[in-house]
Structure formats: structure tokens, C-alpha cells
Amino acid sequence: MRNPFGSEGRAVRFVGAVAALAAVVAGTDAFAPAAAVAAVSVLAVGALGALYVVGGRRPQRIPAAPAHAGGPAERRALLLIGRSPAAEYLSGLRDDVDRILVVSLVSSSPVHHWLSDIDPERAEAHKQMEEAVSRLRALGIDGSGVVGNDDPFTAVDDALRTFGGDEILVATQDPRLIDRLRDRYAIPVTRLTAHQPGAALTR
Amino acid sequence: MSKTSTSQGLQPQPWDWPHPRVLLEVPPRQDADARIDALRRAGYAVAVCPGPAAPGRCPLTGDDGCAAAHGADIVVSSLGLKEEQARDALATLRLRLPHLPVLVETDAELASRWPDLVLDGTRVEPGIAAPELVERVKRALSEEAIAGA
């Protein structure tokens, strides 16, 4: 599961802050009227919220990518898919990609994410992944697949470490994902467009 | 070949990859895909920095430094020497990381005007082709390894 604080250190500091503020509220409760306790509680919750927002910011990055994996001339691509049926995007794939790893992203609601109750979403992602891999193989492409971490960047990091990748193909409808991927990875990121054979790859 | 990172906590944090690391500094909007691809196929992890956006904005010139530079095995700078902020960044790189190999892409005239920034053997001609750049990177790292042995 993704650590929303980005590191264990930040998470520990957040827990420490919760304990300290709880102590402050308890101390206020012992010596002050209810209105003051309420005010301190509101301030404490606000402070924790601000700490969470600041602590949850991911470290700034510049685009980077691992060394090429596979044979010297081999071209590998990651194919990111979401909830949309990936088959709609695959008819116009270029033929210069030798191997594709389908990374099926788990789209969970914030509530499910926080409750770690994402089994239904992972099952759906697995189903989408299997369908995409079947479709790739039917097209004669050497395809395999994984269900990614619920954080898309961790999912891509994991895939690049294990499979490599010279390009990232994106078959999701999240418009911000493409820009964020380009900000983070020093390899081409290409959007796949549904139902446009021959023009299915756009930059 | 990769150095142990001394960059915990520094910003930005680009390096997730356990390969020899090349920090490629290229101006914004310059197409570096061919160079990146050639370096990656030669076995290097690559990070791409667009250089300082404004004077004093390069994290390397700040108190903490820049993890991208601190964690790199070699820097290839295509920022040139015309802009003062590019020269400042290069000077800071030389000062803070004196043993880090740096290849500077610039012409001979500018190199002669800034001899402290473009040391012997660290200059490459502008527009160098990707395969030749890979050879220069290999040679620079090899020379660094010999010097450090």
C-alpha cells in the first residue's frame, strides 16, 4: 500500500504530532472550560491537516529512467491500463515494440484506499489485465501483465525495475497522468487513442 | 561504479535505479531522446535536468545541494557557457563535487574564455552525436576509475 507520507520518517513524525496534540487537548480539558477545549481541538485538527498535506508531498523529481533491459535492439514498452477496456486501444499499436508488459492500475475510491479495502478493485484490474494480455497475444505481440500498486508511479517504478521499458504507452482516460508521467520518466510517454486504427498513437 | 549516495533528503530525488548514473543537463525544449536512448542502451540510468530556471534557482547552489548531481556518476552538460546561470551551476558543480566527471558541450572559443569551468579533457563539441557521446562517457568514467584506484 502506498505510504501517503512518502517515507516512514514522515509517518513517524505525524504520529508523534498526533500524540503531542492529543496531550495538549487532554491537558486543556483538565484545566480549561469546554469552549477552550473545543477551540484547542479545532486548532489541533487543523494543525494535523496541514502537517498531513505538507508531509504527504512527494519529493521533487526530475525525469529519470533505468538502463535499457533486454537485447540491444529489443524494444520494450509498458502499457498502462485503467478501467476502460484496453482492447479498444490496441488495434493501432505500432509494430516496432517487441515486448509489452501490461500494468493494470487499480482505481480505488479514497474511502476504500484508506480502509485498505481494495480487493474488488484489484480483482477488476486483474480481469482487465488478462483481457489486455489476451488481446496483445492475439495480435501477435509478446505480452505479459501485472496488477500494479495502487499508486500509479510506484506501479511504473516496479515495472521498470523488473521488466524495463523503453516507452510508456498509456491507455487510460486520466488526462493528468500523461503529464505527470512525462515529468517523472526520461522515456517517451505515448497516449493511445481508442478506436482510431492507424492513428492510434498520439504524443 | 555507482557511488554510495550521500544525497538522502536532498532535492530533487531522481535516482531509483541501481545502474551507473548519467545526469544529462539539457536546455528546455531541446530534444534529448536520442541521447537518452543511446545512454540507456549502453547500460546507464539517465536523469534529465533542464538546468536552472533562473539565477540562484538551481538547487545545487543552495545550502543542501542537489541529489541528482550528488548521486550521479557523471554529468553531461549541454547548457553551454553563454548564460551566466549555466556557468554558475557548472562552477558550483566543480566546487561541491570536484571529483565528479563533467563533460561540457561547448565550442572552443567559449571554452577558452572559461578555462576553470572546462578543464582539460572535459569538453565535447556542440551537436555531438549520441553514439560518440556514449563513447565519451565511457572514456571519462574509465579515466575517473583509473584516477581513483
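**Note on a predicted two-chain model**

1. Start with the parts list for chain B. Chain B holds five helices and five strands. Read from the N terminus, its elements follow the order β-α-β-α-β-α-β-α-β-α. Keep in mind that this is a predicted model.

2. Next, the make-up of chain B as a whole. The chain has 149 residues, and 44% of them are buried. Take the contacts in chain B with a separation of 6 or more. Of these, 69% link residues 24 or more positions apart.

3. Now the sheet. It is open, has six strands and shows mixed pairing. The strand order is β1(A)-β2(B)-β1(B)-β3(B)-β4(B)-β5(B), with β1 coming from chain A. The edges are β1 of chain A and β5 (123–124) of chain B. Each edge strand has a single partner, so one side of each lacks a neighbour in the sheet. Helix α1(B) packs on this sheet, where it touches β1 of chain A as well as β1 (21–25) and β2 of chain B. The direction of α1(B) makes about 155° with that of β2(B).

4. Look at where the chains join. Strand β1 (residues 64–65) of chain A pairs with strand β2 (residues 45–49) of chain B. The pairing is antiparallel and has two bridges. Ala65(A) has Val46(B) as its bridge partner in β2(B). The contact between the chains draws 14 residues from chain A and 20 residues from chain B. On the chain A side there are 10 nonpolar, two polar and two charged residues.

5. Strand β2(B) deserves a close look. How many of its five residues are buried? Five of the five are, so the strand is largely enclosed by the rest of the structure. In a regular strand, side chains alternate between the two faces of the sheet. Check that against β2(B): Ala45(B), Ala47(B) and Cys49(B) point one way, while Val46(B) and Val48(B) point the other way.

6. On to the neighbour of β2(B) within chain B. Strands β1(B) and β2(B) run parallel, joined by five bridges. Leu23(B) sits opposite Ala47(B) of β2(B). Together, β1(B), α1(B) and β2(B) form a right-handed β-α-β unit.

7. The helix of that unit is α1 (residues 33–41) of chain B. It is mostly covered, with seven of its nine residues buried. The buried residues include Ile36(B), Ala38(B) and Leu39(B). Charged side chains appear in the list too: Arg35(B), Asp37(B), Arg40(B) and Arg41(B) are buried. After α1(B) comes Gly43(B), which has a positive phi near 105°.

8. Move to the far end of the sheet order. Strand β4 (residues 102–105) of chain B pairs with β5(B) in the parallel sense, over two bridges. There, Val104(B) stands opposite Arg123(B) in β5(B).

9. Finally, the nonpolar core. Which residues of the largest nonpolar core touch the most other members? They are Leu79(A), Val46(B) and Ala47(B), out of 80 residues. Set aside the neighbours of Leu79(A) within four places in sequence. Leu79(A) is then in contact with Ile100(A), Leu101(A), Val102(A), Val103(A), Ala132(A), Leu169(A) and Ala171(A). Val46(B) has already appeared as the bridge partner of Ala65(A), and Ala47(B) as the residue opposite Leu23(B).

Conventions. Residues are numbered from 1 along each chain as its sequence is written. Chains are lettered from A and ligands numbered from 1 in the order in which they are written. This is a predicted model: local features need pLDDT of at least 70, side-chain atom pairs count only at pLDDT 80 or more; totals for chains, interfaces and linings use all residues. Two residues are in contact if their C-beta atoms, placed from the backbone, lie within 7 Å. Ala, Val, Leu, Ile, Met, Phe, Trp, Tyr, Cys and Pro count as nonpolar, Asp, Glu, Lys and Arg as charged, and the others, Gly among them, as polar. Two strands pair if DSSP finds at least two bridges between them. Helices (H or I, at least four residues) and strands (E, at least two) are DSSP runs, numbered from the N terminus. A residue is buried if 20 or more other C-beta atoms lie within 10 Å of its own, exposed if 12 or fewer, and partly exposed in between; C-beta atoms are placed from the backbone. A nonpolar core is a set of buried Ala, Val, Leu, Ile, Met, Phe, Trp, Tyr and Cys residues joined through C-beta atoms within 7 Å. Axes are lines fitted to C-alpha atoms, for helices over the stretch in contact, and angles run from 0 to 180 degrees between N-to-C directions. A crossover is right-handed if, with the strands pointing away from the viewer, the path from the first strand over the helix to the second runs clockwise.
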